[in-house]
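Please go through this protein model with me by question and answer, giving the cut-offs behind each term as it comes up.

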Amino acid sequence: MKKPVPLSEMMARQTPEAQAAILYGAQEIVRVVTLRQIREAVKVSQQLATATGSTQAPVSRAETRRT
């Protein structure tokens, strides 16, 4: 299996224009997709809290927080 390439390395390979487009797209995704939608899409719940070294309560608060 190939070793994963860090995002910073992948971004460094891109042109400045491509980097700007990637960052804009990522910001749009963050703007419209909630943490709850992501968690439900990948079918995790307690695993998210465990993976972040947290508990379910802070994850729930983050999911319901409005920006």
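Q: Where does Val-33 lie, and is Val-33 buried, partly exposed or exposed?
A: The model is a predicted one, in which local features need pLDDT of at least 70 and side-chain atom pairs count only at pLDDT 80 or more, while totals for chains, interfaces and linings use all residues. Residues are numbered from 1 along each chain as its sequence is written, and side-chain values use heavy atoms, with hydrogens and water left out. Val-33 sits in the loop between α2 (16–32) and α3 (35–41), where helices (H or I, at least four residues) and strands (E, at least two) are DSSP runs numbered from the N terminus. Because buried means under 20% relative accessible area, exposed over 50% and partly exposed in between (1.4 Å probe, protein chains only), Val-33 with its 32% counts as partly exposed.

Q: Which residues form a nonpolar patch on the surface, and what is their accessible area together?
A: Patches are made of residues with over 30% relative accessible area and no salt bridge, like charges being joined within 9 Å and nonpolar side chains (Val, Leu, Ile, Met, Phe, Trp, Tyr) within 5 Å. Accessible areas come from the Shrake-Rupley method with a 1.4 Å probe, and for residues only the protein chains shown count as cover. Here the patch consists of Ile-29, Val-32, Val-33, Ile-38 and Val-42, with a joint accessible area of about 420 Å².

Q: How many salt bridges does the structure hold, and which side chains meet there?
A: A salt bridge is a side-chain nitrogen of Lys or Arg within 4 Å of a carboxyl oxygen of Asp or Glu, and the structure holds one. Arg-13 is exposed at a relative accessible area of 57%, whereas Glu-9 is partly exposed at 37%. The N to O distance is 2.7 Å, and the side chains that meet are those of Arg-13 and Glu-9.

Q: Is Ala-49 buried or exposed, and which residues is Ala-49 in contact with beyond its neighbours within four places in sequence?
A: Ala-49 belongs to helix α4 (residues 46–51) and is buried, with a relative accessible area of 0%. Contact means heavy atoms within 4.5 Å; leaving aside neighbours within four places in sequence, the residues in contact with Ala-49 are Ser-54, Thr-55, Gln-56 and Val-59.

Q: Which element of the protein chain has the lowest mean pLDDT?
A: pLDDT is the predictor's confidence in each residue, from 0 to 100, and the chain averages 81, with 91% of the residues scoring at least 70. Where pLDDT is low, the predicted coordinates should not be read in detail. Among the elements, helix α1 (residues 7–12) has the highest mean, 92, and the lowest, 74, is that of α4.

Q: How many helices and strands are there, and what is the radius of gyration of the protein chain?
A: The protein chain has five helices and zero strands. Taken over C-alpha atoms, the radius of gyration is compared with a globule rule of 2.2 Å times the number of residues to the power 0.38. For 67 residues that rule gives 11 Å, and the chain is well over this value, so it is more spread out than a compact globule, with a radius of gyration of 15 Å.
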